[in-house]
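Subject: The structure I promised you

Hello,

Here is the structure I said I would pass on. Please open it alongside this note, and I will walk you through what turned up.

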Amino acid sequence: MLSRIARNTFRRSYQLRNASAVPESPTEVILNDKMRNLGVVAHIDHGKTSLVDKLLQSSSTVPEALKAQASQVQGEGQRLMDSGDLEQERGITITSKPTRCVYKDHIVNIVDTPGHADFAGEVDRILSMVDGVCLVVDGGEGVMSQTKYVMERAVHANLQPIVFLNKLDREGGLTMVESGQVETEIFDLFIQLGANDEQLEYPTYYGSAKMGWVTDNLDDAVKVVKGAASPDAYGMEEDKKAALPTSITGVFAYEGVERAPLPGGVALPGDIVTLSGVPDTIAVGDTLTGEGNQAKEPIDTPPLNPPTLSMDFGANDGPLAGKEGTIVQSSRIRARLQNEVDNNVTLSIGISETDGEKTVVYARGELQLGILIEQMRREGYEMTISPPKIVFSKSPSGDVMEPFEEVTVDVDSEYSGAVMSALTGDRKATMMEMNETDGKVRMKFEMPTRALLGFGPEALTMTRGSAVVNHTFVEMRDHAGPLGEGLEKGKLVCSEAGKATGYALNMIGERGSLFVEPGDEVYPGMVVGENSRAGDLDVNAVRAKGLTNVRTVLKEEKANIAVAEKKSVEEIIAYMGDDEVIEVTPLSVRLRKRVLDAGERSRIARVKKQQREAAKENKAAKGGGGKKKR
């Protein structure tokens, strides 16, 4: 596999500047036939990281122990390049990671990238580091929303593509590829994105990264999948060349997932390196140049799509503040967020306009924010986080603009009607396309980003887990107006402090679903479940069973408590209401009302209701007046 990809990788070489010395003409492109930088891009779960892991096992620079580790983790359903704890737990790639493969006397610097739309900025930031991309496409799914996004960026950056149709060993994969549908979709996508003639001459490979075989001949791929030929004939050609010796420090490159010093401390043109001793004033996107022969202009970096969501991070001010976390000060929370921004170009921060002690974090989606919160929680931080807010903008004429998303839903045909109703109703989605194949329906919608919040878990529930939802940012458009009232969920709100009892939860469970278990610490204003009816309901989750010396059948009945629903951080972000906050500690993630006092919440609710009714009357009066004038 490495040899086949390497041959096309070195067809053209557009190399970056020498990392250790600036050429005589800093603006010229340095050509290096021995090195090539390649970004591996794809939609989520199309097999990018599996491909990179297999390439590492073919490389001469990777130690045998690391190759054995790669083989072991793949056998356990994990990926070597997904080295972070959260990446391994969730089975997704979160950050872009470079590594180095050697084939004969050639070096291929490979960058593995995330496939989830929330982390698309990780793709944007590496495009200026590579001179080609390997587009991995699941043969059973074809072109998806994130496939379009990553290739749009790659085409506009004038990068040379290689296409790898993956997962042909899976059911349905080979059928779609044999029919020509997938290759037609890819070619049409390139045309749509404005690819030039040279980009349209991309080579196409067929195979299975997981099984470790690849071929450039579709007929050979059919033989392998149908058992008429052995996959060993199309397996990876491992390069037995010895690894280059390393003897210096200061300039490093990744070999596999381990950092190693470069020989002589010299980086060659096209190398992707890590430098030690870089001052803190250097940021992502800055250009480093030699002191004696300075570059006249910095290297351009690809523009990033704007953030779509923001949340306020602050110190925990709840009743249990300071009991579970070790880092609780708002100043330290802000410092941690600033450090994150210095290394993650897709995030930005500011100071809250309503509370100077709180820090506003701007991001691309609830998953990206959820990952950040989870990382900080595991580091010992304790904090309170506000509901997500959509990042609006103003048009040149002064109209309010909001972000819109393209949403793709793959679902069994029997549930397509329910999904369509859910999106085109209260969520104000517009259907753009609908196709049905072999009992599966793929629907494409365009809708406001704020309307998409919370739809993922809802789609899984209404389709019994068969729905796959993907989305990507489209553009800023005119504000779509208020969403339907049916999206608001009623909550079960605790009215007393203490430990939840099985007796109380057994009775509360009849009114909806539970979020807590017996023995959990609760307090007034904390959300302990979802109400089966509209509106919030105050409940006593700490009530104990009354003691009496009278024995009856009813008194001795065993409580059958429903299993508590445990939501992830990003699910809570999408689920929470405007009047709620998340309380995050190293041990717990709690949802509570912003105002803990039940009487005060009732007063605020009455005022809001009066304001809504007044707004409706005002709108009706204006409409009536307009008709009379005509």
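Of the contacts in the chain that link residues at least 6 apart in sequence, 71% are between residues at least 24 apart. Please keep in mind that this is a predicted model. The chain has 630 residues, of which 48% are buried, and its secondary structure comes to 18 helices and 28 strands. About 30,500 Å² of the chain is exposed, with carbon and sulfur atoms supplying 49% of that area.

**Around β19**

A good place to start looking is β19, which spans residues 440-448. This strand is mostly covered, with 8 of its 9 residues buried. It has β17, residues 400-412, as an antiparallel partner over 9 bridges. One pair to find on the screen is V409 with M443, the latter being in β19. β18 also pairs with β19 in the antiparallel sense, here over 7 bridges, and F445 of β19 has M431 opposite.

How many residues sit between the strands in the hairpin of β18 and β19? There are 2, and D438 in this hairpin takes a positive phi near 50°. D438 belongs to the loop between the two strands, and D438 is not a glycine. As background, most residues other than glycine have a negative phi. D438 is also exposed, at a relative accessible area of 76%.

At the other end of β18 there is another residue to check. K428 lies in the loop that runs from α13 (416-424) to β18 (430-437). Phi of K428 is near 60°, again a positive value in a residue other than glycine. Is K428 buried, exposed or partly exposed? With a relative accessible area of 33%, K428 counts as partly exposed, because that category runs between the 20% limit for buried and the 50% limit for exposed.

**Helix α10**

Next, please look at α10, residues 218-225, where D220, A221, V222 and V224 are buried. What covers these residues? The cover includes the helix α7 (173-178) as well as the strands β6 (204-208) and β7 (213-215). The N-terminal end of α10 is capped by N217, which places a side-chain oxygen 2.8 Å from the backbone nitrogen of D219. Just after the helix comes G227, with a positive phi of about 85°.

**Cavities**

Finally, I looked for enclosed space. Rolling a probe the size of a water molecule over the atoms shows where empty space is left. The count here comes to 5 cavities of 30 Å³ or more, and the largest cavity has a volume of about 80 Å³. Its lining consists of A117, D118, A120, Q146, Y149, T308, R364, E405, H471, T472 and F473. Two elements each give two or more residues to this lining, namely α6 (145-156) and β20 (468-478). Which element supplies the largest share of the lining? That is β20, with 3 residues.

If you have only a few minutes, I would begin with the hairpin of β18 and β19, then turn to the cap on α10, and finish at the lining of the largest cavity.

Happy browsing, and best wishes

Definitions and conventions: Residues numbered from 1 in each chain as written. Predicted model: local features only at pLDDT ≥ 70, side-chain atom pairs only at ≥ 80, totals over all residues. Heavy atoms only, no water. Helix = DSSP H or I, 4+ residues; strand = E, 2+ residues; numbered from the N terminus. Buried < 20%, exposed > 50% of the residue type's maximum accessible area, 1.4 Å probe, protein only. Contact = heavy atoms within 4.5 Å. Areas by Shrake-Rupley, 256 points an atom, 1.4 Å probe, with all protein chains shown as cover. Pairing = 2+ DSSP bridges. Polar contact = N/O pair within 3.5 Å; in protein donor to acceptor, adjacent residues only side chain to side chain. 1 Å grid on protein atoms, 1.4 Å probe; cavity = no way out; pocket = protein on both sides within 12 Å on 5 of 7 lines; lining within 4 Å. Points joined across faces, edges and corners; volume = space filled by probe spheres on them.
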